[in-house]
Amino acid sequence: MAKSCTGKDVAERIGYITRVQSFSACHRLHSKCLSDEDNKRVFGKCNNPNGHGHNYKVEVTVRGKIDRHTGMVMNLTDLKKYIEEVIMIPLDHKNLDRDVPYFSDVVSTTENVAVFIWDSLCTVIPDGLLYEVKIHETDKNIVVYRGE
């Protein structure tokens, strides 16, 4: 049991905060491990040599104890800054395969974009707070990654 600022016992409360951000990027789904024929078969029109683009919507969720003094899980200003640093600057209006070194050897699927964002956020968000990265590639295609 935690104590309130008035000395009363209060249960620790857990909260979730989600910040939504959009970015635009292009890519080509193509694996160096597959033949050109297999890439066309597996990735279909997404294997177009000229690539294609998306307007991605990313939801970053943190989870933690609600501080009894500030009332916050984390400061939203900090979360906004972290998202700008690790999502917007490296990914927005970029060719993922050519402009982001991580994707030089990793297929730029939305699943792998979620892993990239998770790993990048883990370097700036305090330990244990990052809960989920959800990416809407389209209105119908959504990927969720929780670091597992």
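Helices and strands here are DSSP runs, of at least four residues (H or I) and at least two residues (E) respectively, numbered from the N terminus. With that naming in hand, the predicted model can be walked through, starting with the pocket.

Both β3 and α3 (96–99) put at least two residues each into the lining of the largest pocket. That pocket holds about 300 Å³ of space. Its lining comes to 19 residues, and those closest to the pocket centre are Arg28, His30, Asp97, Phe103 and Ser108. Sorted by class, the lining has nine polar residues, alongside five nonpolar and five charged ones.

Strand β3, one of the contributors to that lining, also has two strand partners to look at. Residues 14–27 make up β3, and 14 bridges tie this strand to β4 (residues 52–65) in an antiparallel arrangement. Within this pairing, Ile17 of β3 has Val62 as its bridge partner in β4. In a regular strand, side chains alternate between the two faces of the sheet. The other pairing involves β5 (residues 94–95), which runs parallel to β3 and is joined to it by two bridges. Here Cys26 sits opposite Asn95 of β5.

Just ahead of β5 comes a backbone oddity. His93 is located in the loop that links α2 (76–91) to β5, and this residue takes a positive phi of about 55° despite not being a glycine. His93 is also exposed, at 65% relative accessible area.

Another loop, the one between β3 and α1 (36–43), carries Ser31. Is Ser31 buried or exposed? Its relative accessibility is 11%, so Ser31 counts as buried. Leaving aside residues up to four places away in sequence, Ser31 is in contact with Asn39, Phe43 and Val107.

As for the cysteines, how many disulfides does the structure hold? The count is zero. For Cys33 the reason is distance: the closest cysteine sulfur, that of Cys46, lies 19 Å from its own, which is too far for a bond because a disulfide needs the two sulfur atoms within 2.5 Å. Cys33 is exposed as well, with a relative accessibility of 75%. Cys122, in turn, is partly exposed, its relative accessible area being 37%.

Technical notes
Residues numbered from 1 in each chain as written. Predicted model: local features only at pLDDT ≥ 70, side-chain atom pairs only at ≥ 80, totals over all residues. Heavy atoms only, no water. Pairing = 2+ DSSP bridges. Buried < 20%, exposed > 50% of the residue type's maximum accessible area, 1.4 Å probe, protein only. 1 Å grid on protein atoms, 1.4 Å probe; cavity = no way out; pocket = protein on both sides within 12 Å on 5 of 7 lines; lining within 4 Å. Points joined across faces, edges and corners; volume = space filled by probe spheres on them. Nonpolar A, V, L, I, M, F, W, Y, C, P; charged D, E, K, R; others polar. Contact = heavy atoms within 4.5 Å.
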